[in-house]
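Trainee: I would like to learn how to read a sheet and its packing from coordinates, taking one feature at a time. Could we work through an example together?

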Amino acid sequence: MDLGFGASNQKVGNAAANMMLQTAQAQEQAIVDEMAAYDALLEDDDALELLRQKRLQQMKQEAKNRQKWRAQGHGEYTELAGSDVNREFFEASKESNRLVVHFYRPETPLCDHFHAALAKLATTHLETRFLKINVGGCDQSSGGAASYLVEKLGIIVMPTLIIVKDRKVVHHIRGCDELGDNPEFSTNALEYVLGIHDGVHHNPDDEIPPELLHVQGVNAIRIRGASRKNNNNSSGNIRDGVSSGSYHQEDFD
């Protein structure tokens, strides 16, 4: 078989051809083996019943989880706006294992885009409770209902999303710097970024949304799921804009 290597390199060509043939045969055999395993399963009533029972238990557990999550307020994008926002936040972190909380300012246009995307994700990711907190009036000079949280969690840029897992803040998403610096980011892009930071269930095999492929520097590392060291920085006034700042980890026990 001549692969175009020339007469002097025919041995190399033959070796390459043999390797390609062996690879194809191995792949074909793997498919045959997988089909045989399925055939054996279908012929084995006990194994098939065991598989059915296992799947039934999984479905029952999933239904139980959905019922529990909905009772805790999952499935909706809810505002914490009572007389004691701080207590509401801490109670929510006790009840739900996973939270995504949007700290927003009403007059910031980018916050409206986050509202729309988070409202959609709340209905499709019942495993996470989605909340929003208005930081209007929370500058250090004036105080406000959520002033304690703003200072405690280092909320500096509007908007900021925090991801809470098992009562610990595991990541901040500040502005849209992790979303390709695109104020018109897609819901899919936000879902992907939340997923790699464990804010929602994430399939590691999911492809990076095209709009995030050009992200450079530290945010590119974040998008690829790399962990970063904590670098606490809770000082400063709340401001609008974009910041690539580091994240904090606070334990609410």
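Mentor: Gladly; please keep in mind throughout that this is a predicted model.

Trainee: Then let me begin with one strand: why is strand S6 largely enclosed by the rest of the structure?

Mentor: A residue counts as buried when its relative accessible area is under 20%. In strand S6, which covers residues 168–174, 5 of the 7 residues are buried, so the strand is largely enclosed by the rest of the structure.

Trainee: Which strand pairs with S6, and in what sense?

Mentor: Strand S5 (residues 160–165) pairs with S6 in the antiparallel sense, over 6 bridges. To follow the register, take Thr-160, whose bridge partner in S6 is Arg-174, and then Leu-161, which stands opposite Ile-173. In a regular strand the side chains alternate between the two faces of the sheet. The two strands form a hairpin with 2 residues between them, and Asp-166 in the turn has a positive phi of about 50 degrees.

Trainee: What is the order of the strands in the sheet, and which strands stand at the edges?

Mentor: The sheet is open and has 5 strands in the order S1-S3-S2-S5-S6, with mixed pairing. Strand S1 (77–79) and S6 stand at the edges, each with a single partner strand, so one side of each is left without a neighbour in the sheet. From one strand to the next, the twist averages 25 degrees.

Trainee: Which helices should I place against these strands?

Mentor: Helix H3 (residues 85–95) lies across strand S2 (98–104), strand S3 (129–134) and S5, and runs at about 170 degrees to S3. Helix H4 (residues 109–124) packs on the sheet as well, touching S1, S2, S3 and S5, and its direction makes about 160 degrees with that of S2.

Trainee: How many aromatic pairs does the structure hold, and how do I read their geometry?

Mentor: There are 3 aromatic pairs, and each can be classified from the angle between the ring planes, with over 60 degrees counting as edge-to-face. The rings of Phe-89 and Phe-90 have centres 5.6 Å apart and planes at 75 degrees, so this pair is edge-to-face. Phe-89 is buried, with a relative accessible area of 0%, and Phe-89, Phe-90 and Tyr-148 form one aromatic cluster.

Trainee: What is the geometry of the pair Phe-114 and Phe-185?

Mentor: Their ring centres lie 4.7 Å apart and their planes stand at 55 degrees, so the pair is tilted. This pair links distant parts of the chain, since Phe-114 lies in helix H4 and Phe-185 in the loop between S6 and helix H6 (187–196), 71 residues apart. Both Phe-114 and Phe-185 are buried.

Note on methods
Residues numbered from 1 in each chain as written. Predicted model: local features only at pLDDT ≥ 70, side-chain atom pairs only at ≥ 80, totals over all residues. Heavy atoms only, no water. Buried < 20%, exposed > 50% of the residue type's maximum accessible area, 1.4 Å probe, protein only. Helix = DSSP H or I, 4+ residues; strand = E, 2+ residues; numbered from the N terminus. Pairing = 2+ DSSP bridges. Axes fitted to C-alpha atoms, helices over the stretch in contact; angles between N-to-C directions. Contact = heavy atoms within 4.5 Å. Phe/Tyr/Trp six-rings, centres within 6.5 Å; stacked < 30°, edge-to-face > 60°.
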